[in-house]
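Colleague: Could you put the structure up and talk me through the wording you use for it? I'd like to hear the reasoning behind each label.

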Amino acid sequence: MTPYDKLLAEADGRPFACIVGWPVEHSRSPALHGFWLKQHHLDGHYGRLPVEPQRAALEELVAFLRRTPNARGCNLTLPHKIEITPLLDRIAPVAARIGAVNTVVKQADGSLEGRNSDGFGFMATLSSNAPDWHAESGPVVVLGAGGAARAIVCSLIDAGVPELRLVNRTQSKAVDLAVPFTPTDGRRIVVDRWDDRAECLKDATLLVNATSLGMKGQPPLDLDLAHLPHAAAVCDIVYTPLETGLLAAARRRGNRCIDGLGMLLHQGRPGFEAWFGVKVDVSAEQRRAVAADLL
Ligand SMILES: NC(=O)c1ccc[n+]([C@@H]2O[C@H](COP(=O)([O-])OP(=O)(O)OC[C@H]3O[C@@H](n4cnc5c(N)ncnc54)[C@H](OP(=O)(O)O)[C@@H]3O)[C@@H](O)[C@H]2O)c1
């Protein structure tokens, strides 16, 4: 039985979406979408589809989505977020700016639209966990210049951050990221050296870790928080573990802390709403269910 046959058998004629990646077994997306399907008593399915990192394999995926009447779309995780884009019929403006797609939606006419909800998920968890944080109120520090950082920088700039300090181990990648997102209205993206990351925290209203440092199996993030104002919010988008070393250190000194699970849950909302036609929100109950799946 191929993974496609398995997915079709699980869906059993019901409308379905799935997470596509390589590997895909570790993904928590089935748990978070499965929660909403159950919560809203919907007759649908959300599964997993392993797709190898080759163009031919992605073309097979796109053909499958097109020809399968009950396929509503999919989410994409590593390593497909960029490579899928030329194969789709349309890329939504935010996804085009970010240069990556994490959600594919099959439209009523059967065409496939690529979207990116990572920035939406990040801003949604920020506003729900730090409602008194305002984008315009001061400098923000973002660590990292990978795929997730691109979406976060895009959303923070769109939200009106006056100065974004971007710090990445490979500085040239931060420069490449900063150039297209630098606004023309005088607001700035300042690229700082990785070795100067502790000094960058002065006056910051928000610190975001968008590197993979601190994630299970990765080295810890080595960052002295002494310069970070106590009123600043600290967001770590790593969600395994939920309480990273950065969050533990920030919590000890009284900073407001936001873990990566909220972003993960919120980024699922736009796709779910488009595929299954029901508006959803993130709840403490869903958070508990998906967090239990993280262990
Ligand atoms: N919560 C969520 O919803 C969510 C969504 C997406 C991603 N994430 C998490 O965010 C993290 C980054 O994901 P991504 O997709 O952006 O990955 P990515 O594209 O591979 O980027 C990895 C980033 O981490 C940096 N990095 C890796 N190892 C490092 C080291 N030893 N020292 C310093 N910097 C290092 C890289 O710096 P260089 O450029 O120098 O290599 C790069 O900036 C992952 O842990 C992922 O699980 C969470």
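What follows is a short chat about the core and the ligand site of this predicted model.

Colleague: What makes the largest nonpolar core a core?

Modeller: Its 33 residues count as one because they are buried nonpolar residues joined through side-chain atoms within 4.5 Å. Phe122, Val142 and Leu156 have the most contacts inside it. Among the elements that give two or more residues are α5, β7 and α6, and α6 has the largest share, 7 residues.

Colleague: Which residues does Val142 touch?

Modeller: Leaving out residues up to four places away in sequence, they include Ile152, Leu156, Leu164 and Val208. There's also a second, separate core of 24 residues, with Val20, Leu76, Ile84 and Ala95 among them.

Colleague: Why is the pair between Ala148 and the ligand called a polar contact?

Modeller: A backbone N or O atom of Ala148 lies 2.8 Å from a ligand oxygen atom, and the cut-off for N or O pairs is 3.5 Å, so it qualifies. Arg169 passes too, with a polar side-chain atom 2.9 Å from a ligand oxygen, and so does Ser212, through a backbone N or O atom at 3.2 Å.

Colleague: How much of the ligand does the protein cover?

Modeller: On its own the ligand has 920 Å² of accessible area, and the protein covers 79% of that.

Colleague: What is the shell around the ligand made of, by class?

Modeller: There are 11 nonpolar, 8 polar and 2 charged residues. α9 gives the most, with 3 residues.

How values were computed:
Residues are numbered from 1 along each chain as its sequence is written. This is a predicted model: local features need pLDDT of at least 70, side-chain atom pairs count only at pLDDT 80 or more; totals for chains, interfaces and linings use all residues. Side-chain values use heavy atoms; hydrogens and water are left out. Buried means under 20% relative accessible area, exposed over 50%, partly exposed in between (1.4 Å probe, protein chains only). Helices (H or I, at least four residues) and strands (E, at least two) are DSSP runs, numbered from the N terminus. Contact means heavy atoms within 4.5 Å. A polar contact is a pair of N or O atoms within 3.5 Å; within protein, one must be able to donate a hydrogen and the other to accept it, and residues adjacent in sequence count only if both atoms are side-chain atoms. Accessible areas come from the Shrake-Rupley method with a 1.4 Å probe; for residues, only the protein chains shown count as cover. Ala, Val, Leu, Ile, Met, Phe, Trp, Tyr, Cys and Pro count as nonpolar, Asp, Glu, Lys and Arg as charged, and the others, Gly among them, as polar.
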